[in-house]
Amino acid sequence: MTVSVRDVAAAASVSVGTVSNVLNHPDKVAPATVERVLSAIEELGFVRNDAARQLRAGRSRSIGLVVLDVRNPFFTEVARGAEERAAAEGLTVLLGNSGANSAREAAYLDLFEEQRVHGLLITPLDEELARLERLRRRGTPVVLVDRQAPPRSFSSVAVDDVAGGFLAAQHLLERGRRRIAFVGGPLGIRQVSDRLEGARRAAAEVAGAAIEVVPTESPTVLEGRTAGEALQARTPAERPDAVFAANDLLAMGLLQALMLRGKLRVPEDMALIGYDDIDFAATAIVPFSSIRQPAALLGQTAVDLLLQEASGRGMKEIRQVVFRPELVERASTQA
């Protein structure tokens, strides 16, 4: 049976207000009364309901974070950065994984609004932001993470994925590769399409260079392995001489298929570069090059933007922070 504040008040022979003061403002209560109330709390096993208290105050001390795929270590790092920054402000982070599923994303939005979270951080699944706009109008601050918001719409923090795609393809082209396969999907995911756009811009600057798109149903290791098996089954004349994977999970699957299931050598027969620079990139059977994103910094910055908006200071000024990606070269693209 749950013990209430009224039960504590009755056991200590004081008012409910006095119990509340002991819990929140003990300096306003006589020491003898404080001791009596604390003794009653211990005897009855009372546990204060901070969630209810915070909701009565208007907002909880939690931030909702919805990411595309919690299996991807990149998003784990984003969440870690957000959690560290939130903890410094006495806030907690509630993590939701949309799994690139619009219905699941909508369910998390409803849940976090019902919980009256302090604010919402989200990597939205698509370009339709009307639902988020309605959420904000009803009083929940919203910041986009790993997504550049349209101008004057939402505060956001992201990495320039077009520039990242350009860096990846440019690196392969500088190594003399000309037939580049871009492996990734769904192309409806903004980050994937931006990285492809950057790769195409780089190829357009080099005579004889071409980008072939090898779409995947999801950006996972399994999908990378399937794509790699299809590539290594081609004849030498039909194969690309380099692969740009839309993220490092795909690159891991590609590497497994090309080297462990096929007879191709990386980078001699086919160079490979990924995106995100997760820890596994440096420890793979052939450490592979990747485009590094400051994942933890994205999470930290997103919380800063959210706190600014929640305080009212950010309502008149939408801040959209964009970081530059960085090329990390490893054995998979070396000459």
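Student: In which loop is the place of Arg138?

Tutor: The model is predicted, with pLDDT of at least 70 needed for local features and 80 or more for side-chain atom pairs, while totals for chains, interfaces and linings use all residues. Numbering starts from 1 along each chain as its sequence is written, and side-chain values use heavy atoms, without hydrogens and water. Helices (H or I, at least four residues) and strands (E, at least two) are DSSP runs, numbered from the N terminus. Arg138 is in the loop between helix H7 (130–137) and strand S4 (142–145).

Student: Is Arg138 buried or exposed?

Tutor: Buried means under 20% relative accessible area, exposed over 50%, and partly exposed in between, with a 1.4 Å probe and protein chains only. Arg138 has a relative accessible area of 53%, so Arg138 is exposed.

Student: What distance separates the C-alpha atoms of Arg138 and Ala281?

Tutor: Along the chain, Arg138 and Ala281 are 143 residues apart. In space, their C-alpha atoms are separated by 42 Å.

Student: Which are the edge strands of the open sheet with the order S7-S6-S8-S9-S10-S12?

Tutor: This sheet has 6 strands, and the pairing is mixed. Two strands pair if DSSP finds at least two bridges between them. An edge strand pairs on one side only, which applies to strand S7 (210–215) and strand S12 (326–328).

Student: Which residue in S9 stands opposite Phe244?

Tutor: Strand S8 (residues 242–245) and strand S9 (residues 271–276) run parallel and are joined by 3 bridges. Opposite Phe244, in S9, stands Ile273.
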